[in-house]
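Subject: Handover of a protein structure

Dear colleague,

I am passing the structure below to you, together with an account of what was found in it. Please read the notes that follow with the sequence and the model at hand.

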Amino acid sequence: MPGLRRPRAVLVSTGLGLIAATTAVALAACSMGGPGRVATIGEVDLDTPLPVPPLAESTVEPDGTRVFSLEPQAGTTEFAPGVASETWGFDGSYLGPTLVAGRGERVRVDVGNRLEVPTTVHWHGMHLPAEMDGGPHQMIAPGDTWSPGWTVDQRAATLWYHPHPHGETEEHVARGLAGLFLVRDDAEGALPLPREYGVDDLPVIVQDAAFTDEGRLETPPQGFAGRLGDELLVNGVRGAYAEVADELVRLRLLNASTARSYAFGWGDGSPIDVIATDGGLLPASVALERVMLSPGERAEVVVRMAPGERRTLQSVMTPAAAGLQPVVAGMNGATDEFDVLELRAADVLDPSPELPERLVELPPIDTDIAVTRTFDLNGFQINGEQMRSDRIDETVTVGTAERWIVSNPSGVPHSFHVHDVQFRVASVDGAPPPPELAGWKDTVYVRPETEYELILRFDDFADPDTPYMYHCHLLWHEDQGMMGQFAVVEPGQRATMTEETNDHDHH
């Protein structure tokens with residue numbers, strides 16, 4: 001049985017008297033300490049073959065619409081042999097199949113809810129009409145079917161899908177409801193990149209979890225960030241390894257954890273080469289010591305293997321990487337170290353071409369800005385407000401670009417996810433973003449006491465009746481109400497829901 005050769009991490013009780021002054025307000029509201037430090041490097045048996053989520057089957061209707069079906073359902077999963085855990089999944093007991101569609105293709109997904117509770121399916125990172133978005137306004141009752149349809153119109157990217165019921169998102173995702181949605185396009189398809197799914201192009205869905213001594217899934221301890229498990233699951237298994245037979249291998253990393261951030265890198269210290277972020281390819285590969293992903297973020301990395309080589313993907317988080325004071329970092333997973341996945345190269349490898357020096361050309365960041373908005377993330381509030389389903393917080397005019405200034409004045413971790421559009425990070429504390437943040441993003445980790453300038457363009461899908469969401473993607477924070485709503489409308493139009501008139505630096 002794969003597992004840990006170490007004592008289990010224990011919940012520590014840390015008094016608020018030990019908290020740094022900059023974090024006192026938020027942690028006092030939380031009234032809790034956090035789990036102890038976890039270090040599993042060298043302590044995990046990486047001896048379970050990496051399962052690859054199946055490609056979702058589809059049919060094509062006479063009008064060209066590609067139709068998928070998904071069924072959220074309850075089941076049991078054995079994370080340890082002979083020990084069944086109650087879990088949820090799409091079309092199975094845990095996780096879901098990978099959907100694939102091409103740019104310009106019309107798609108529909110028939111989602112039949114076989115759970116005993118309402119849920120939703122949100123297409124994270126997808127550009128689509130608000131009524132198809134799968135946020136908390138598109139709940140699916142038990143036994144009902146929801147059939148959103150849209151035309152895929154964005155760059156090739158690694159997207160994903162997961163539930164988004166208000167107040168229960170962390171629970172639904174933690175039970176196993178998550179899957180990938182890959183978008184293909186001609187520009188990416190013309191590049192000499194690994195793209196044979198499950199062979200040299202591997203999905204790597206990373207989650208943290210907690211287990212009883214017998215191996216049954218249990219609720220993990222909680223820090224301010226949310227639930228933090230002391231073991232990792234990769235594509236739903238513990239202690240994963242993947243056998244590869246190609247020189248160049250592409251890993252599509254998804255942080256599907258509800259609260260934990262990771263800093264992925266190679267155990268031998270060699271650079272990790274990032275070729276894409278949330279919304280698609282970067283202009284060129286970026287060599288990093290580690291690539292940090294907060295919940296919901298994705299990165300595509302490539303690695304060149306030698307015959308017979310074994311290489312271990314690890315996550316080594318540090319207070320500096322997370323921008324946290326050491327005591328806060330220790331309670332929120334930012335001092336933890338994990339072995340994640342071992343790659344095992346065959347003795348003879350199929351040759352792979354060299355990675356191109358240039359991947360794609362990105363358009364310049366919009367400078368014709370119609371509106372600047374500010375978003376302060378503090379406690380479980382954005383701009384001092386908690387989510388209200390009957391309130392539109394921001395109204396955006398279709399066909400315009402906006403500047404969103406997102407800041408975290410506190411000393412604790414937050415992130416920021418925007419539905420509908422991919423954005424560009426124009427600056428971080430007034431300086432140009434690092435190369436790994438220079439591409440298209442839909443989710444960004446917001447370091448404490450740091451300001452991010454995001455540029456977003458809203459070209460279509462005006463709908464005064466149905467809002468999109470923006471929120472912290474630490475899912476416990478989202479469930480506590482750290483979320484707002486925006487509507488995209490035609491010039492001169494107003495949202496039909498109640499519209500909040502805010503004065504926080506709109507001009």
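A polar contact is a pair of N or O atoms within 3.5 Å, and within protein one of the two must be able to donate a hydrogen and the other to accept it. Please also note that this is a predicted model.

With that term in place, a buried glutamate may serve as the first example. The side chain of Glu297 reaches the backbone nitrogen of Ser294 at 2.6 Å. Glu297 itself is placed in the loop that runs between β23 (291–293) and β24 (298–304). Is this loop residue buried or exposed? Glu297 is buried, because its relative accessible area is 3% and the limit for that class is under 20%. Beyond the residues up to four places away in sequence, Glu297 touches Leu253, Leu254, Asn255, Asp278, Met292, Lys441, Thr443, Val444 and Tyr445. One of these, Asp278, stands 19 residues from Glu297 in sequence, and the C-alpha atoms of the two are 6.1 Å apart in space.

The protein as a whole

The secondary structure of the protein consists of 6 helices and 39 strands. Its radius of gyration is 22 Å, close to the 23 Å given by the globule rule for 507 residues, and the protein is therefore as compact as a globular protein of that length. Along the principal axes, the C-alpha atoms occupy a box of roughly 65 × 65 × 50 Å.

Of the 507 residues, 61% count as buried. The exposed surface of the protein comes to about 18500 Å², of which carbon and sulfur atoms supply 48%. Among contacts with a separation of 6 or more, 79% are made by residues 24 or more positions apart. As to charge, there are 35 positive and 77 negative side chains, and the centres of these two sets lie 2 Å apart.

Thr87, a strand residue

Thr87 belongs to strand β7, which covers residues 83–90. With a relative accessibility of 1%, Thr87 counts as buried. Which polar partners does the side chain of Thr87 have? Its side chain and that of Thr77 are joined by a polar contact of 2.7 Å. In addition, a polar atom of the Thr87 side chain lies 2.7 Å from the backbone oxygen of Ser93. Both partners also appear in the contact list of Thr87, which, leaving out residues up to four places away in sequence, holds Gln73, Ala74, Gly75, Thr76, Thr77, Phe79, Ser93, Tyr94, Arg175 and Leu217. The C-alpha atoms of Thr87 and Ala174 are 8.8 Å apart, with their positions 87 residues apart in sequence.

Glu188, a helix residue

Glu188 is part of helix α3, residues 186–189. Glu188 counts as buried, as its relative accessibility is 4%. Not counting residues up to four places away in sequence, Glu188 touches Ala156, Leu193, Arg195, Arg250 and Leu281. Arg424 is 236 residues away from Glu188 in sequence, and the C-alpha to C-alpha distance between them is 19 Å.

Ser58, a partly exposed residue

Ser58 is found in the loop between β3 (48–49) and β4 (59–60). At 29% relative accessibility, Ser58 counts as partly exposed. Apart from its neighbours within four places in sequence, Ser58 is in contact with Arg66, Val67 and Phe68. With one of them, Arg66, Ser58 shares a polar contact of 2.9 Å between side chains. Val360, 302 residues away along the chain, has its C-alpha atom 30 Å from that of Ser58.

Two asparagines with positive phi

Two further loop residues deserve a note on their backbone angles. Phi of Asn235 is near 50°, a positive value in a residue other than glycine. Asn235 lies in the loop between β17 (231–234) and β18 (240–246), and with a relative accessible area of 7% it is buried. Asn383, in the loop between β28 (381–382) and β29 (391–392), has a phi near 55°, which is again a positive value in a residue other than glycine.

Yours sincerely,

A colleague

Note on methods:
Residues numbered from 1 in each chain as written. Predicted model: local features only at pLDDT ≥ 70, side-chain atom pairs only at ≥ 80, totals over all residues. Heavy atoms only, no water. Helix = DSSP H or I, 4+ residues; strand = E, 2+ residues; numbered from the N terminus. Rg over C-alpha atoms; globule rule 2.2 N^0.38 Å. Buried < 20%, exposed > 50% of the residue type's maximum accessible area, 1.4 Å probe, protein only. Contact = heavy atoms within 4.5 Å. Areas by Shrake-Rupley, 256 points an atom, 1.4 Å probe, with all protein chains shown as cover. Lys, Arg positive; Asp, Glu negative; His and termini not counted. Charge placed at Lys NZ, Arg CZ, Asp CG, Glu CD.
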